[in-house]
Amino acid sequence: MVALEQGHHQFFRRGLGQRDAWRAYPDFRDKCVFLDIETDGGNGPDPVTTIGMYDGKEFTCLVQGEDLENFRDIISNYSMIVTFFGMGFDLPVLQKQFGGLRFDQIHLDLHPALKRLGIRGGLKKIEKQLGIERSPETDGLTGYDAVLLWRRYVNLRDDSALEKLIAYNREDVVNLETLTNYTYERMRREQFVPNLIPLLF
């Protein structure tokens, strides 16, 4: 009970693990960030081009060559991170690029969580299954398009390409909130565990 009252997210990260991280969502919602990265498609030491973060109110996009190094400080303000396939991509890439960075936050990866509910596929496919729409500007864009937009921005100094990339990244993270709400409610109904207290105390 003390750990919950004092917001000691590390305790719940250890206790819940990846499989049950969804249970922490309502208790840590005010310190949760939805995160997604884009890369240049290469295998170099610094592949990350943008880092999108959304806390339910404000969207922040850090851009390579501008303010990407602020990520270390910004992410330390959060107790919970929500991604889609972040265990397999976003977090390992970020740890490699930001040498020495350790994520001690509760991490909810929606990809395996949704798979447990029988919902499979990539982010865009799942969005369409659940009726989540994207703007005409970004509808149909893929991760490879994000790579091409970055290259166009870098090689041609096309600011409109960067603006479109940021818009794409924004919808990635904003839509994660809708997916998280859906996942939590489905999990709660089907697992019959209302909150953290009966699970860990």
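Two strands are taken to pair if DSSP finds at least two bridges between them, and the legends below, which describe a predicted model, use the word in that sense.

**View 1. The open five-stranded sheet, with strand order β3-β2-β1-β4-β5.** The pairing within this open sheet is mixed, and the twist averages 25° from one strand to the next. Strands β3 (59–63) and β5 (106–109) stand at the edges with a single partner strand each, so that one side of each is left without a neighbour in the sheet. On one flank of β1, six bridges connect this strand to β2 (residues 48–54) in the antiparallel sense, and β2 is in turn joined to β3 by five bridges, again with an antiparallel run. In the other part of the order, β1 and β4 (residues 80–83) run parallel and are joined by three bridges, while β4 and β5 pair in the parallel sense over four bridges.

**View 2. Residues that stand opposite one another across the sheet strands.** Phe34 of β1 is placed opposite Val82 in β4, and Val82 itself stands opposite Leu108 in β5. Towards the antiparallel partners, Leu35 stands opposite Met53 in β2, and Met53 is likewise found opposite Thr60 in β3. Strands of a sheet pair through backbone hydrogen bonds, either parallel or antiparallel.

**View 3. Burial of strand β1 (residues 32–39).** Eight of the eight residues of β1 are buried, so this strand is largely enclosed by the rest of the structure. In a regular strand the side chains alternate between the two faces of the sheet. In β1, Cys32, Phe34, Asp36 and Glu38 point one way, whereas Val33, Leu35, Ile37 and Thr39 point the other way, and all of them are buried.

**View 4. The edge strand β5 and the contacts of Arg13 with its surroundings.** Both faces of β5 are covered, with Ile106 and Leu108 buried on one side and His107 and Asp109 buried on the other. Arg13, which lies in helix α2 (residues 9–16), touches Ile106 as well as Phe103, Asp104 and Gln105, when residues up to four places away in sequence are not counted. Arg13 is partly exposed, with a relative accessible area of 40%. The C-alpha atoms of Arg13 and Tyr25 are separated by 12 Å, the two residues being twelve residues apart along the chain.

**View 5. The surroundings of Arg116 in helix α5 (residues 110–116).** Leaving aside residues up to four places away in sequence, Arg116 touches Arg19, Trp22, Met187 and Gln191. Of these contacts, the one with Met187 links residues that are 71 residues apart in sequence and, C-alpha to C-alpha, 9.1 Å apart in space. Arg116 is partly exposed, with a relative accessible area of 30%.

**View 6. The packing of helix α7 (residues 143–156) against helix α8 (residues 159–191).** The two helices pack at an angle of about 150°, with their axes 7 Å apart, which makes α7 roughly antiparallel to α8. The crossing of α7 and α8 is left-handed. On the α7 side the contact is made by Gly143, Ala146, Leu149, Trp150, Arg152 and Tyr153, and on the α8 side by Asp159, Ala161, Leu162, Lys164, Leu165 and Tyr168. Sorted by class, the residues of this contact comprise eight nonpolar, one polar and three charged.

Note on methods
Residues numbered from 1 in each chain as written. Predicted model: local features only at pLDDT ≥ 70, side-chain atom pairs only at ≥ 80, totals over all residues. Heavy atoms only, no water. Axes fitted to C-alpha atoms, helices over the stretch in contact; angles between N-to-C directions. Parallel < 35°, antiparallel > 145°, perpendicular 65-115°, else oblique. Left-handed = near helix turned anticlockwise from the far one by under 90°. Contact = heavy atoms within 4.5 Å. Nonpolar A, V, L, I, M, F, W, Y, C, P; charged D, E, K, R; others polar. Buried < 20%, exposed > 50% of the residue type's maximum accessible area, 1.4 Å probe, protein only.
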